[in-house]
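Here are some points on the model you passed to me, set out in the order in which I would go through them. Please read them with the sequence and the structure open side by side.

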Amino acid sequence: METGQRRRDRLHIIAQILEISKNGCLKTQIMYRANLSFAQLNEYLSFLTKVNLLTLGNEDNKTLYVTSPKGNDYLEKYEDIAELLDDNDD
């Protein structure tokens, strides 16, 4: 997918958050690595935990966000679709 000035869509941002969170990640790390505002981040994390794409973990009394098995399925399907779309860019 092109980067540049193109706006990221919701499905891409979700995939990005899930990829970042594969091994567990703190909220602030996700925010910076996914380049989201605090308000955007809270909205996405709330949604992703509600639909069970992310689970909550705990390390040193800090909340970790971890991609769930359902989240990994989402990532696989997202990558398949992105690949199909890239093939049609020719």
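1. Two strands are taken to pair if DSSP finds at least two bridges between them. With that in mind, Thr-55 stands opposite Val-66 in β3, and this pair belongs to the contact in which β2 and strand β3, the latter covering residues 62-67, run antiparallel to each other over 6 bridges. The model is a predicted one, and the points below should be read as statements about that prediction.

2. On the overall layout, the protein contains 4 helices and 3 strands, and their order along the sequence follows the pattern α-β-α-α-β-β-α. Of the 90 residues in the protein, 30% are buried.

3. The 3 strands make up an open sheet, arranged in the order β1-β3-β2 and with antiparallel pairing. Because β1 (25-26) and β2 (54-59) stand at the edges and have a single partner strand each, one side of each is left without a neighbour in the sheet. It may help to recall, when looking at the strands, that side chains in a regular strand alternate between the two faces of the sheet.

4. Which residues can be used to check the register between β2 and β3? Besides the pair named in the opening point, in which Thr-55 faces Val-66 of β3, Leu-54 has Thr-67 in β3 as its bridge partner, and Gly-57 stands opposite Leu-64 in β3. The two strands are joined as a hairpin with 2 residues between them, and Asp-60, which sits in the turn, has a positive phi of about 50°.

5. On the other side of the sheet order, β1 and β3 pair in the antiparallel sense over 2 bridges, and here Leu-26 is the residue that stands opposite Leu-64 in β3. Leu-64 is therefore worth inspecting from both directions, since β1 and β2 are the edge strands, and Leu-64 of β3 is also the residue that Gly-57 stands opposite.

6. The loop between α3 (38-50) and β2 deserves a separate look, and Leu-53 has its place there. Is Leu-53 buried or exposed? Its relative accessible area is 8%, and Leu-53 is therefore buried, the cut-off being under 20%. The C-alpha atoms of Leu-53 and Thr-67 are 6.1 Å apart in space, with the two residues 14 apart in sequence; Thr-67 is also the bridge partner of Leu-54 in β3.

7. In that loop between α3 and β2 one also finds Asn-52, which has a positive phi of about 65° although it is not a glycine. Asn-52 counts as partly exposed, because its relative accessibility is 47%. A second asparagine to check is Asn-35, in the loop between α2 (27-33) and α3, where phi is near 55°, again a positive value in a residue other than glycine. With a relative accessible area of 63%, Asn-35 is exposed.

8. Within helix α3 lies Tyr-44, which counts as buried because its relative accessibility is 9%. The C-alpha atoms of Tyr-44 and Ile-17 are separated by 8.5 Å, and the two residues are 27 apart along the chain.

9. How many salt bridges does a search of the whole structure find? There is 1, and it is formed by the side chains of Glu-19 and Lys-22, which meet at 3.8 Å, N to O. Glu-19 is partly exposed, with a relative accessible area of 38%, and Lys-22 is likewise partly exposed, with a relative accessible area of 38%. Side chains of opposite charge can pair when their charged atoms come close.

10. Finally, a negative surface patch is formed by Asp-73, Glu-76, Glu-79, Asp-80, Glu-83, Asp-86 and Asp-87. One of these residues, Glu-79, is found in helix α4, which spans residues 69-87. Glu-79 counts as partly exposed, because its relative accessibility is 42%.

Definitions and conventions:
Residues numbered from 1 in each chain as written. Predicted model: local features only at pLDDT ≥ 70, side-chain atom pairs only at ≥ 80, totals over all residues. Heavy atoms only, no water. Patch = residues over 30% accessible without salt bridge, like charges linked within 9 Å, V, L, I, M, F, W, Y side chains within 5 Å. Areas by Shrake-Rupley, 256 points an atom, 1.4 Å probe, with all protein chains shown as cover. Salt bridge = Lys/Arg side-chain N within 4 Å of Asp/Glu carboxyl O. Lys, Arg positive; Asp, Glu negative; His and termini not counted. Charge placed at Lys NZ, Arg CZ, Asp CG, Glu CD. Buried < 20%, exposed > 50% of the residue type's maximum accessible area, 1.4 Å probe, protein only.
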